[in-house]
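Let's take a walk through this one together, a few helices and a handful of residues at a time. Keep the viewer open and turn the model as you read.

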Amino acid sequence: MKDAFGLPQSLLVLGGTSEIALATARRLIARRTRTVWLAGRPSAALDEAAGRLRDLGAEVRTVAFDALDPAAHEEVLGKVFAEGDVDMVLLAFGTLGDQAHDERDPAAAVRVAQTNYTGAVSAGLVCAGALQAQGHGSLVVLSSVAGERARRANFIYGSSKAGLDAFTQGLGDALYGTGVHVMVVRPGFVRTRMTAGLPEAPLATTPEAVAAAVELGLRRRSERVWVPGALRVVMSALRHLPRAVFRRLPL
């Protein structure tokens, strides 16, 4: 069960090699979390991530999970919940894609959308149903400021995150009053392997900063978290710019 400050004893990570997710897991283990499931495609990286969390004192198990195989989500994730209550699910998988390439290759663009949106809808609904059945828990979903308004530079990725963000907000409304807390996390540019080599955007942040924001959001039972917080004001302004002006900005 979660403590009085909203921090979990048990954590299920969907996207078990995500740098943001692992930074969050480390932070929560340092506070209270003792059981962690890392769900992802079987790999040496997943095993290594599990080993590092075990070194911090947590009991860690790996789960074979593929966002692109929604037909298996209910069975795979159901087995985790069958082992006992899960206090928090962190939905952290996703792919950035290659905008220039994906515009010329619709199949590649579809793969981005299926990973970031379709797979997340499937896994999110399965976990939401399980959390509701047990009567408590938090579902934390990593969205992105890219979903706030589509940009020429990454509208395929941004549109998939926009869909995910809208879905998560609606799911949160559907679960309101059930004992299940749903939180959308909207980071800006995060310095990770996924963004290596890309021009760094203003207000860039780190996985550790996102993890700290997630912890604070859990304690406050926030529904939306911006990382860094200043992005809330920035994106509010950009969201309302006339389209003719917005498309001329160097974004």
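What follows goes through helix faces, helix pairs and some single residues. Bear in mind that this is a predicted model.

Start with helix 2, which spans residues 44-54. Pick out L46, A49, A50 and L53 and you have its buried residues. Looking down the axis, they cover an arc of only 100°, so they sit on the same side of helix 2. Swing round to the other side and you'll find A44 and R52, both exposed. And what lies over the buried face? The cover includes helix 1 (19-31), along with strand 2 (35-40) and strand 3 (59-64).

While you're on helix 2, have a look at R54, which also belongs to this helix. With 41% relative accessibility, R54 counts as partly exposed, because the partly exposed range runs between 20% and 50%. Leaving aside residues up to four places away in sequence, R54 touches V60 and R61. For a sense of distance, try R54 against Q134: the two are 80 residues apart in sequence, and their C-alpha atoms are 26 Å apart in space.

Strand 2, part of that cover over helix 2, is also home to T35. Is T35 buried or exposed? Its relative accessibility is 18%, and the cut-off for buried is under 20%, so T35 counts as buried. Once residues up to four places away in sequence are set aside, the residues T35 touches are Q9, S10, L11 and E59.

Now go back to helix 1, another piece of that cover, and follow it to helix 7, residues 207-220. The two axes come within 8 Å and cross at roughly 55°, which makes helix 1 oblique to helix 7. As for handedness, the crossing is right-handed. On the helix 1 side, the contact is made by E19, I20, A23, T24, R26, R27, L28 and R31. Facing them from helix 7 are P207, E208, V210, A211, A212, V214, E215, L218 and R219. Sorted by class, this contact has nine nonpolar residues, seven charged and one polar.

Carry on past helix 7 and you get to S222, in the loop that leads to strand 7 (224-227). S222 has a relative accessible area of 17%, and it is buried. Not counting residues up to four places away in sequence, S222 touches H181, V182 and M183, as well as G217.

Here's another helix pair to set beside that one. Helix 3 (residues 73-82) packs on helix 5 (residues 106-134) at an angle of about 35°, with the axes 10 Å apart. Helix 3 passes helix 5 in a right-handed crossing. From helix 3, the residues taking part are H73, E74, L77 and F81. They meet G119, S122, A123, V126, C127, A130, L131 and Q134 of helix 5. You've come across Q134 already, as the far end of that 26 Å distance from R54. By class, the contact between helix 3 and helix 5 has seven nonpolar, four polar and one charged residues.

One last stop: G163 in helix 6, which covers residues 155-175. How does G163 fare for exposure? It is partly exposed, with a relative accessible area of 22%. Between G163 and V145 there are 12 Å from C-alpha to C-alpha, at a separation of 18 residues in sequence.

Conventions. Residues numbered from 1 in each chain as written. Predicted model: local features only at pLDDT ≥ 70, side-chain atom pairs only at ≥ 80, totals over all residues. Heavy atoms only, no water. Buried < 20%, exposed > 50% of the residue type's maximum accessible area, 1.4 Å probe, protein only. Helix = DSSP H or I, 4+ residues; strand = E, 2+ residues; numbered from the N terminus. Arc of directions from axis to C-beta. Contact = heavy atoms within 4.5 Å. Axes fitted to C-alpha atoms, helices over the stretch in contact; angles between N-to-C directions. Parallel < 35°, antiparallel > 145°, perpendicular 65-115°, else oblique. Left-handed = near helix turned anticlockwise from the far one by under 90°. Nonpolar A, V, L, I, M, F, W, Y, C, P; charged D, E, K, R; others polar.
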